[in-house]
Amino acid sequence: MRVTPAVELDDVSFGYRPNQPVLEDVALRLGEGEFVAVAGPNGGGKTTLVRLILGLERPGEGRALLFGEPAHRFSRKRTLGYLAQRSELGGDAPATVREVVSAGRLAAGGLIGPMRRRDRELVAEAIERVGLSERADAPLRTLSGGQQQRAFIAKALAGEPSLLVLDEPTTGVDAESQESLAALLDRLHSELGVTILYVSHEFGAVERFVQRLVLVRRTIVFDGSPRELPGVWHDPSHVHA
Amino acid sequence: MLESEFMRLALGAGAVVGVLAPAVGFFLVQRRQSLIGDGIGHVAFAGVAAGILLDVSPVLTALVAAVLGGVAIEVLRSRGGTAGDQALALVFYTGIALGVVLVSTAGALNVDLFQYLFGSILTVTRADLVVIATLGAVGLATVGLLYRALAAVVVDEEGARVAGVPIGGLNIAVATLAAVTVALSMRVVGILLVAALMVLPVSAAGRIAWSMRSTFVFAMAIGLASSLVGLTISYYADLPPGGTIVLVAAVVFGTAVAVSAARGS
């Protein structure tokens with residue numbers, strides 16, 4: 001019996017303008033419960049790949065499926081956890097950690113009126129999972145870059161996601177926090193069994209935790225275990241060549 | 001002061017607008033769309049002009065024009081074909097140009113028009129107050145019901161979109177609320193100053209608050225206090241009410257900046 005993959009891209013091509021493809025003939029399958037890193041140079045199509053997977057863009061050619069359904073018409077969107085690039089997040093808003101994480105319960109808990117008790121419990125649980133319980137009522141802007149990313153990961157977790165997608169989560173985060181973030185994701189993957197797609201221009205921090213590494217430069221140029229990656233490609237700048 | 005009915009009516013209208021304008025402005029400021037209130041105000045000017053020309057209530061035509069303008073700005077912005085600031089500029093200048101042409105056609109470049117540009121809170125009637133209070137209550141109730149959803153969009157719009165939250169509908173709701181606020185505030189501070197009452201209390205609150213919710217509540221309190229104190233000062237010092245209200249809000253903002261700096265935050 002064929003198991004439905006969490007993500008399935010079949011020969012997908014896409015461009016924002018005619019005759020200027022950003023991605024060409026991309027074929028990718030992510031099984032449920034996998035922890036996969038997607039890396040590649042800036043401008044190589046990683047963010048576009050994420051947008052296609054999440055149904056924010058429709059393929060020009062080919063098809064993009066989420067749990068067997070067309071991604072742009074996916075019926076269980078509230079089970080998608082997404083950590084956008086940091087520049088797109090409201091890090092300047094005067095929100096506390098709890099307020100940020102509560103935003104992650106909106107789709108699952110209902111748009112109108114106050115939060116229910118169960119939702120508040122799930123928010124507290126998500127904050128605890130990322131180790132921010134003691135800072136739960138602190139303003140987000142008083143936290144370090146790494147702690148802010150943890151808060152947004154907790155926000156994604158609060159929606160009880162079946163797929164967690166992180167776009168450049170380590171940008172602007174120091175090396176120690178990158179390691180700590182990667183270890184946190186590994187632990188969440190083990191404890192929750194959630195499918196994780198980690199997208200970044202470099203993959204050093206998560207290399208030892210992920211089962212698969214996918215390198216993208218307009219198309220997929222490598223898809224396998226990090227151990228199978230040719231040594232020279234561990235230098236991310238090589239992907240530019 | 002309170003023995004004069006016109007002041008009691010003015011304080012009533014000022015209180016409603018003083019609370020509503022920052023409540024709606026909060027979501028505009030947090031999304032870095034502070035000037036949208038100004039843009040909608042200029043479209044409302046075209047609405048006032050159309051009302052004068054057609055001999056229909058200028059407040060009603062301003063409300064219709066403001067809602068259409070607010071939705072137009074949001075649609076242009078969300079489609080991405082026009083950058084947010086260009087969308088705003090397009091609606092802003094078209095609105096004021098249309099207003100000038102219509103007013104000139106109606107031969108109404110006079111004192112009546114100035115009431116809408118600079119406010120005329122001392123001429124608010126009982127019927128006006130009923131309309132302002134009713135629409136204000138509906139606006140505040142809508143903000144209250146949608147608070148969590150609107151706050152979630154402020155925190156992470158793209159994440160909410162991915163999770164299936166109807167971002168387009170919520171953004172249109174904010175634009176419509178902003179338009180209603182502009183139309184109601186027109187009588188209090190005037191079209192030219194309406195955006196100030198939506199922005200200054202929120203900016204001041206952001207300097208001294210510790211969370212989104214406290215910023216939201218402080219902003220409404222500062223808006224209310226600015227309105228009531230501004231009206232009182234204008235009554236005793238014989239100053240124009242709209243300008244005095246906004247100057248009080250500006251002083252509160254300056255004080256909040258000083259307090260924030262003194263605390264080292």
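In chain B, take the contacts between residues at least 6 apart in sequence: 74% of them join residues at least 24 apart. Two residues are in contact here if their C-beta atoms, placed from the backbone, lie within 7 Å. This is a predicted model, where local features need pLDDT of at least 70 and side-chain atom pairs count only at pLDDT 80 or more, while totals for chains, interfaces and linings use all residues. Residues are numbered from 1 along each chain as its sequence is written, and chains are lettered from A and ligands numbered from 1 in the order in which they are written.

**Chain B**

Chain B has 11 helices and zero strands, so along the sequence the pattern reads α-α-α-α-α-α-α-α-α-α-α. Helices (H or I, at least four residues) and strands (E, at least two) are DSSP runs, numbered from the N terminus. The radius of gyration of chain B is 18 Å, close to the 18 Å that the globule rule gives for 265 residues, so the chain is as compact as a globular protein of that length. For that comparison, the radius is taken over C-alpha atoms, and the rule is 2.2 Å times the number of residues to the power 0.38. Along the principal axes, the C-alpha atoms of chain B fill a box of roughly 50 × 45 × 30 Å.

Buried residues make up 52% of the 265 residues in chain B. Buried means that 20 or more other C-beta atoms lie within 10 Å of a residue's own; exposed means 12 or fewer, partly exposed is in between, and C-beta atoms are placed from the backbone.

One residue to zoom in on is B:R187, in the loop between helix 8 (167–185) and helix 9 (194–208) of chain B. B:R187 counts as buried because it has 26 C-beta neighbours inside 10 Å. Leaving aside residues up to four places away in sequence, B:R187 touches B:A13, B:G119, B:S120, B:I121, B:V124 and B:D128. Of these partners, B:V124 sits 63 residues away along the chain, with 7.5 Å between the two C-alpha atoms.

**Where the chains meet**

The contact between the chains takes 23 residues from chain B and 28 residues from chain A. On the chain B side, helix 6 (126–155), helix 7 (157–162) and helix 10 (212–237) each supply at least two residues. Helix 6 of chain B gives the most, with eight residues. By class, the chain B side divides into 14 nonpolar, six polar and three charged residues. In this scheme Ala, Val, Leu, Ile, Met, Phe, Trp, Tyr, Cys and Pro count as nonpolar, Asp, Glu, Lys and Arg as charged, and the others, Gly among them, as polar.

**Chain A: domains**

Chain A is divided into domain 1 (1–76 + 166–241) and domain 2 (89–161), with bounds from an automatic or database domain assignment. Taken over C-alpha atoms, the domain centres are separated by 25 Å. Where the two domains of chain A touch, 10 residues of domain 1 are in contact with eight residues of domain 2. The domain 1 side of that contact has six nonpolar, three polar and one charged residues.

**Chain A: strands**

Four strands of chain A form an open sheet in the order 2-1-4-5, with antiparallel pairing. Its edge strands are strand 2 (23–30) and strand 5 (69–70), each pairing on one side only. Helix 1 (residues 46–53) of chain A packs on this sheet, touching strand 1 (7–14), strand 2 and strand 4, and its direction makes about 125° with that of strand 1. Axes are lines fitted to C-alpha atoms, for helices over the stretch in contact, and angles run from 0 to 180 degrees between N-to-C directions.

Next comes strand 3 (residues 35–39) of chain A: five of its five residues are buried, so it is largely enclosed by the rest of the structure. A:F35, A:A37 and A:A39 lie on one side and A:V36 and A:V38 on the other.

Strand 6 (residues 80–83) of chain A has A:L80 and A:Y82 pointing one way and A:G81 and A:L83 the other way, and all are buried.

Here are some of the strand pairings in chain A; two strands pair if DSSP finds at least two bridges between them.

| Strands of chain A | Sense and bridges |
|---|---|
| Strand 3 and strand 8 (residues 195–200) | parallel, five bridges |
| Strand 3 and strand 9 (residues 212–217) | parallel, four bridges |
| Strand 6 and strand 7 (residues 163–167) | parallel, four bridges |
| Strand 4 (residues 61–66) and strand 5 | antiparallel, two bridges |

As for which residues face each other, A:F35 stands opposite A:I196 in strand 8 of chain A, and A:V38 stands opposite A:V214 in strand 9 of chain A. A:L83 is opposite A:L166 in strand 7 of chain A, while A:L66 is opposite A:E69 in strand 5 of chain A.
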